[in-house]
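User: I have the sequence and a model open on my screen. Can you walk me through the cysteines and the sheet?

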Amino acid sequence: MASFKLRPRVVAFAVTGGILFTLLASAGWPVQGLTVPSGATAGSLTTRPCDFDTEAGSVTADCGTLVVPENRRDPAAELIALPVTRIRAAAADPREPIFRLGGGPGATNMTFPEASRLTEHHDVVLVGYRGVDGSRRLDCPEVAGAMHAPDELTGAKALPATTKAFELCARRLTHDGVDLTGYSVAQRVDDLEAARTALGYGRIDLLSSSAGTRTAMVYSWRHPGSLLRSTMVSVNPPGHLFWNPRVTDSQFGQYAHLCRADAACAARTPDLAASIRDTAAHLPSGWGPLTIKDTNVRVLSQYAMHHNGSTSAPNNAPTVIDAYLSEDPGALWAMSVLADVTLPESIVWGEFASFSMIDAPAAERYYAEGGDPGSILGNASTDFLWAGPSGVATVWPDSPDNAEYRTMRPTDVETLLVGGEVDFSTPAQNATREVLPTLRHGQQVILPGLGHTADFWERAEASKHLLTTFFDTGKVDSSRFDRRPVAFADVPLSMSTLARLLIGIPVAGAVAGLAVLALLARASHRRGGLSPRRSAWLRVLTAVPLGLGGWFLGVLAVWTINPDDFVFSATVVVPGTGLLVGVGAYLAWTRRNSPSRRRALIAAVGGALAGAFLGCSALPGFAAPAAAIAGAAAAANLALLCLDLPWRRRASHVVTPA
C-alpha cells in the first residue's frame with residue numbers, strides 16, 4: 001500500500017522534471033537543422049519521397065539535400081547544405097520544369113502553396129535560399145533586439161543602435177566561421193544552376209516575385225542557355241531595394257483617383273492623398289495613456305499599402321486608409337503596436353543584409369542626395385531596412401560578386417513582366433522604364449487595381465491561366481484579370497476594432513488572473529486548506545490563467561509606463577508570469593498545519609520565476625509566454641514537491657498518544 005501512495009508523487013516528479021529538462025535542453029543545445037551528409041561533395045543531391053502542402057491539398061513530392069560550396073570564389077570553402085523540393089507534374093511527358101524564386105530578402109523559398117496551379121504539365125522545383133533555408137542560417141537576434149529596445153523602430157535612438165547591432169552580428173557570424181561574402185545573389189543563382197544539373201534537367205523556366213525577380217535577372221545574365229522562359233511578378237530592378245518617396249507619393253495619388261470614383265470613399269474625403277498627408281504630419285503622441293510611435297505607424301503603413309486584396313487584411317491598403325480617415329487615435333496606436341510586434345521578427349536580417357549589399361551604392365546615393373524630399377510617409381521604411389545613411393551599407397561586408405550586377409543587361413531569354421497598377425513595393429513603372437528595354441524577347445502586363453504579389457496570387461484562375469499560357473506557348477493572355485475596383489469599404493477588421501481588442505484582451509486576462517488568485521486564496525483558507533488531490537488539480541489547471549494574467553499585467557505596464565520594452569521579452573513575461581503562477585501554486589498547496597508555509601511561499605515563487613526565465617530562454621519571441629507558463633508551473637510544483645517530502649517524512653514519524 002505504501003508504494004501505491006507514492007505513485008502519484010513519483011509521476012509528478014517525473015512530469016515536472018521532464019518539462020524543465022526539455023526547456024533546459026532547448027535553451028542550452030543548438031537547434032539541429034539541415035546538415036551536410038557525410039562524404040558529400042559539391043553539387044551532390046540526395047532525395048527521398050515526401051509530402052508537400054499546396055492549396056489543393058497535400059501532394060507527393062521529392063525532398064532532397066543539395067550540397068554546395070559556401071563561397072565558390074574560395075577553393076577551400078566549406079560545404080553547406082540546401083533543401084530542394086520537387087513537385088512532379090501530372091503529365092506523363094512534362095514540359096520544362098518551373099523553378100520558383102520567392103521574395104524577401106530574408107524570407108524562405110520553401111513554401112509555395114500555389115504550386116498546384118502549375119503542375120499539370122510542369123514539375124515545380126523549390127531550392128532553399130542560402131542563409132535562410134540551409135545548414136547555415138544568418139540569424140541576427142542583435143538586430144531584432146535593437147529594434148525592440150528603443151522608443152521607435154527608426155527613431156533617433158533606434159538607428160545608431162540598429163547599425164551597431166548589424167555590425168555586431170556580422171562580427172559574430174564571421175567569428176563563427178561564416179563567410180558572409182559568399183551569400184550574394186550570384187552565388188544563389190549558381191545554387192539553382194547546381195540543382196538544375198543535379199536533377200538532370202535541360203532548360204528550365206523561372207517564376208519569380210518581388211526581390212526574387214532580381215535573382216531571375218542575374219540567372220538570365222549568368223546562365224542564359226539554361227533558361228527557356230522567365231516570368232517576373234512584382235519586378236524589382238537594380239537599385240530599388242528601398243522605396244523612392246516620390247514614387248510612393250505618386251502611388252497615393254493613384255489611390256486618390258480611385259477613391260474619387262468610389263462613392264463611399266469620396267464621401268469621407270475629397271482628396272485621399274491630402275487627407276493621409278495631413279494625418280501623417282500630425283500623428284497624435286498617444287491614445288489616452290498609450291503611446292503612439294510615429295515611425296512605427298509610417299513603416300507599417302508602407303508595408304500594408306503593398307496589397308489591397310482581402311486575403312491580406314488587416315495588413316492591406318483599405319484597412320490602413322480607413323485608419324487614416326477615421327480620425328481615431330486608437331487605430332493609429334494599433335498600427336504602432338503591430339509594427340513593434342511583427343516587423344522586427346519578420347526577416348532573417350543577416351541574409352537580408354548580404355543579399356541587399358548589391359544595392360548598397362544605390363542606397364548610399366539616395367541618402368547622399370538628401371533622402372526624403374518631404375513625402376507623405378518620409379524615410380521611415382527605407383531607414384527600417386538600411387538603418388539610415390550610416391547603417392547596413394557601411395558595416396556589412398560587401399561581396400565582390402555584386403559589382404557586375406548592379407545595372408541592367410540585355411538578355412535573349414523570353415521574359416514576361418507582371419506588375420500591379422497600385423503596387424507600393426515594386427511600382428510597375430520602374431520595370432517599364434528600366435527592365436523592359438533590355439529584354440529582346442520581353443513583354444509586360446500591368447494588371448488594373450492590383451498591388452503587390454499577394455494580390456496577383458489572390459486571383460487564382462486568372463493567375464493560373466496567365467502563367468500556364470505563357471510557360472506553355474510563350475503567348476500572354478491576361479484577359480481573365482478583370483478590372484475590379486479597390487474595395488475601400490471592405491474592412492472586416494478595422495484598426496479601431498483591433499485597438500479595442502488589443503487593449504481589451506490583456507485587461508480581461510489580467511483581471512481573470514487576479515480573480516483566480518483571489519479564489520485560490522479563499523479556498524486555501526477554508527476548512528483547514530485543500531485536500532492533496534484537489535490541490536494537485538488546482539495547481540495544474542490554474543497555471544494557464546494565472547500565467548497569462550501575469551504576462552498581460554506586464555504588457556499593460558509596457559504600453560502605459562515603459563513603451564521602450566517589447567511585450568514578448570523576458571523582462572515583460574517573466575516577472576508577472578512567475579509571480580502569479582508561484583503564488584497560485586503556493587495557495588493551492590498550503591495547509592494550516594504545515595510548519596513550512598513561509599518556506600513554501602519562497603520556494604514556489606522563486607521556482608516559478610526561475611522556470612519562467614528558463615522558458616523564455618528556451619523559446620524566445622512569440623512562443624515565450626507559453627514556454628514561460630510551462631516552466632513556471634513545473635518549477636513551482638517541483639519546488640513544493642521537494643519541500644513537501646521531508647515535512648511528510650517527519651509527520652509520518654509522529655506518534656499520537658493513546
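Analyst: Sure, and keep in mind that this is a predicted model. Let's begin with one cysteine, C140. Its relative accessible area is 4%, and anything under 20% goes down as buried. So C140 is buried.

User: And what is C140 joined to by a disulfide?

Analyst: The sulfur of C140 has a partner sulfur at 1.9 Å, and the cut-off for a disulfide is 2.5 Å. The partner lies in helix α3 (residues 158–175), 29 residues apart from C140, which is in the loop between β5 (124–127) and α2 (141–148). That partner has 0% relative accessibility, so it counts as buried as well. The residue joined to C140 is C169.

User: Is the link of C140 and C169 left-handed or right-handed?

Analyst: Look at the torsion about the S-S bond, which is -75 degrees. That makes the link of C140 and C169 left-handed.

User: How about C50 and C63, right-handed or left-handed?

Analyst: These two form a disulfide with their sulfur atoms 1.9 Å apart. The bond links distant parts of the chain, with C50 in strand β1 (residues 45–54) and C63 in strand β2 (residues 57–69), 13 residues apart. Both C50 and C63 are buried. The torsion about their S-S bond is about 75 degrees, so this disulfide is right-handed.

User: Which cysteine does a disulfide join to C259?

Analyst: The S to S distance here is 2.0 Å, and the torsion of -100 degrees about the S-S bond goes with a left-handed link. C259 counts as buried at 1% relative accessibility. Its partner, at 3%, counts as buried too. The cysteine joined to C259 is C265.

User: What pattern do the disulfides of the protein chain follow?

Analyst: The count comes to three disulfides. Number the bonded cysteines along the chain and read off the pairs. The pattern is 1-2, 3-4, 5-6.

User: What about C642, buried or exposed or partly exposed?

Analyst: Compare C616 to start with: its relative accessible area is 7%, so C616 is buried. C642 comes out at 42%, and buried ends at 20% while exposed begins over 50%. That leaves C642 partly exposed.

User: Over to the sheet: which strands stand at the edges?

Analyst: It's an open sheet of nine strands with mixed pairing, in the order β1-β2-β3-β5-β4-β6-β7-β10-β11. An edge strand here has a single partner, so one side of it is left without a neighbour in the sheet. The two at the edges are β1 and β11 (442–447).

User: Which residue in β7 does S208 stand opposite?

Analyst: Strands β6 (residues 204–209) and β7 (residues 227–233) run parallel and are joined by five bridges. Follow S208 across to β7 and you land on M232.

User: Which helix lies across β10 and β11?

Analyst: There are a couple of helices to tell apart here. Helix α4 (residues 185–199) lies across β1, β2, β3 (79–87), β4 (98–101), β5 and β6, at about 115 degrees to β2. The one across β10 (414–420) and β11 runs at about 165 degrees to β11, and it is helix α16 (residues 428–435).

User: Last one: which backbone oxygen does the side chain of T54 reach?

Analyst: T54 is found in strand β1 and counts as buried at 10% relative accessibility. Its side chain reaches the backbone nitrogen of A56 at 3.1 Å. At 2.8 Å, the side chain of T54 also reaches the backbone oxygen of G57.

Note on methods:
Residues numbered from 1 in each chain as written. Predicted model: local features only at pLDDT ≥ 70, side-chain atom pairs only at ≥ 80, totals over all residues. Heavy atoms only, no water. Helix = DSSP H or I, 4+ residues; strand = E, 2+ residues; numbered from the N terminus. Buried < 20%, exposed > 50% of the residue type's maximum accessible area, 1.4 Å probe, protein only. Polar contact = N/O pair within 3.5 Å; in protein donor to acceptor, adjacent residues only side chain to side chain. Pairing = 2+ DSSP bridges. Contact = heavy atoms within 4.5 Å. Axes fitted to C-alpha atoms, helices over the stretch in contact; angles between N-to-C directions.
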